[in-house]
Amino acid sequence: MKRKFPVVLSMMLAAGLSTAPALQSNAAPHMHPYNGVEAEVNFGSSGVDIATEADGRKVVSGIEKGDYFTVKTCDFSSGLASITITAKSEGMSVIEVRKGNASGESLGNIKLKSTDGEYQTFTANVKNLVGDNETITFVGSVGNVSIDSWSAAPLTDIETPEDPTQPENPDQPTQPEQPAASVDAYAGVEAENATQANAAVVLSADGVTYQAIRVNGYIVVKNVDLSNGISGILATARASKPKVSLDVYVDSLDSAPIAKINVTGASFKESGVKLTSDLTGTHDLYLVANGHTVDLDSFKILPAHQTPEQPENPDQPENPDQPQQPETPDQPENPDQPQQPENPDQPEQPENPDQPEQPENPDQPEQPENPDQPQQPENPDQPQQPENPSTTEGKDVTYTINSWGTGYLVNFKVTNNTGSAVDGWTVRVRKDQVSIDSSWCVNITEEGDYYVITPLSWNTHLENGQTIEFGLIGTGSIGDSIYVTVE
């Protein structure tokens, strides 16, 4: 089953670009496979579909012989011992894992058996791969497979079997107690350390590692210690749209959230909410993105205030010294405060009747000068944007769309075929066709009906024949093609 996404190629020549407020722009996101990666988050595919199962999960389906999907910028800095996939198979199947593209070096084969329509986990040891910016491709070899997610085990994990002292492992039965180990949320919790995630992916950009939680997606942190109570929650997060919140649930998603933290701004900052709750003990916390994608860096719990504040009360015995404050009988000077009846002077405020002079506001009817504003129909100058058909010959842009229903990733390639080196390029995308949550390797501004995409300092210069890539992630649905121009 092969399918090609339609690609719209177009070019334009624009002049006099105006500066508009910049949107969120990130360096290339790094995938963190040790924490698990949703299969639909990929950077190119062939012959596969993004499908929604009955339980709501998004999967890459229909992987048959020769079909594949590619994942870039994988952080394998701790090495690669094995790869585990959560998948279902219609029979005996094989998925090859290759370094680089679909024809790259084979790292190993994951063998699957029939799962009778259920998703199961399958693991295979693979060749070691070390690096923080690696590309791997999952290629169908035999059968028909659907993959929900995948994860990698670092090389250090297989070094533990080197413990011939495993007879000491009998002591490890005490390790089952480890599940009881609690998370100190008062000290703060990094989002990438979540116990599990749904419709969320760990990314790194600009030195920050965070969970990109898609709308209605969530992360779970289990065994959170709330023994000191809870008076509030702080979250360091960002969102590129208004009216976005991070909703906090306790132990399950079946009850109402205990808090809704409003997330504003396209840069990471701390937001919080106060709580009045008698919640204590150890609990699982669910953090759900509401309204739009939320990039969550970390969060922390504020303990109940009463416990720490009461110890200060012992100082109150010193308050008996405060009876010296009865010296405040000097406060009978407060009778001077009756001078406050000087407030009767405030009746002078009836001078406010002078405020009726405010009817000078009738001068505001001069605002009917606003009829001059019909000059705003000068905006029809914006129809000059139909100048888009103008082109810069030799500069080409192509793109690939990967959609999972509630969101999508668009990967762009800009190629210089002008015959000589160029310094600078500009891509435009219609705002009514995409909604940009995050991007990498570019700057993005808005102008009229378009997003204006320009390079960073390091990818501005293109030699003849050279191609650069950048991408964006959006929320919602997207068509099979979008209108894109380059100059």
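**Notebook: cavities and three buried strand residues**

I searched the whole structure, a predicted model, and found 4 cavities of 30 Å³ or more. For the largest cavity, I recorded a space of about 110 Å³.

**Entry 1. Lining of the largest cavity**

I listed the residues that line the largest cavity: Val-41, Val-201, Ala-212, Arg-214, Thr-293, Asp-295, Trp-404, Asp-437, Ser-438, Ile-473, Gly-474 and Thr-475. I then looked up which elements give two or more residues to this lining, and noted β14 (208-225), β25 and β29 (467-475). Which element gives the most to the lining? I found that β29 does, with 3 residues. By residue class, I noted that the lining divides into 5 nonpolar, 4 polar and 3 charged residues.

**Entry 2. Asp-437**

I turned next to Asp-437, one of the lining residues of the largest cavity. I located Asp-437 in strand β25, which covers residues 436-440. Is Asp-437 buried or exposed? I entered Asp-437 as buried, because its relative accessible area is 5% and the cut-off for buried is under 20%.

I then checked Asp-437 against Thr-475, which also appears in the lining of the largest cavity. Along the chain, these two residues are 38 residues apart. In space, I noted a separation of 6.9 Å between their C-alpha atoms. What joins the side chains of Asp-437 and Thr-475? I recorded a polar contact of 2.3 Å.

**Entry 3. Thr-70**

I looked up Thr-70 and placed this residue in strand β5, residues 68-76. Its relative accessible area is 9%, so I entered Thr-70 as buried. Which residues does Thr-70 touch, not counting residues up to four places away in sequence? I listed Asn-42, Phe-43 and Gly-44, then Gly-100, and finally Thr-135, Ile-136 and Thr-137.

**Entry 4. Ser-298**

I looked up Ser-298 last and found this residue in strand β20, which runs over residues 294-302. With a relative accessible area of 13%, Ser-298 also falls under the 20% cut-off, and I therefore entered Ser-298 as buried. Leaving out residues up to four places away in sequence, I noted that Ser-298 touches Val-189, Glu-190 and Ala-191, together with Leu-234, Ala-235 and Thr-236.

**Summary of the entries**

- I have Asp-437 as a buried residue that lines the largest cavity and has a side-chain polar contact with Thr-475.
- I have Thr-70 as a buried residue of strand β5.
- I have Ser-298 as a buried residue of strand β20.

Key: Residues are numbered from 1 along each chain as its sequence is written. This is a predicted model: local features need pLDDT of at least 70, side-chain atom pairs count only at pLDDT 80 or more; totals for chains, interfaces and linings use all residues. Side-chain values use heavy atoms; hydrogens and water are left out. Helices (H or I, at least four residues) and strands (E, at least two) are DSSP runs, numbered from the N terminus. Buried means under 20% relative accessible area, exposed over 50%, partly exposed in between (1.4 Å probe, protein chains only). A polar contact is a pair of N or O atoms within 3.5 Å; within protein, one must be able to donate a hydrogen and the other to accept it, and residues adjacent in sequence count only if both atoms are side-chain atoms. On a 1 Å grid over the protein atoms alone, a cavity is a set of points where a 1.4 Å probe fits but cannot get out, and a pocket is an open set with protein on both sides within 12 Å along at least five of seven lines; lining residues have an atom within 4 Å of a point. Grid points are joined across faces, edges and corners, and a volume is the space filled by probe spheres set on the points. Ala, Val, Leu, Ile, Met, Phe, Trp, Tyr, Cys and Pro count as nonpolar, Asp, Glu, Lys and Arg as charged, and the others, Gly among them, as polar. Contact means heavy atoms within 4.5 Å.
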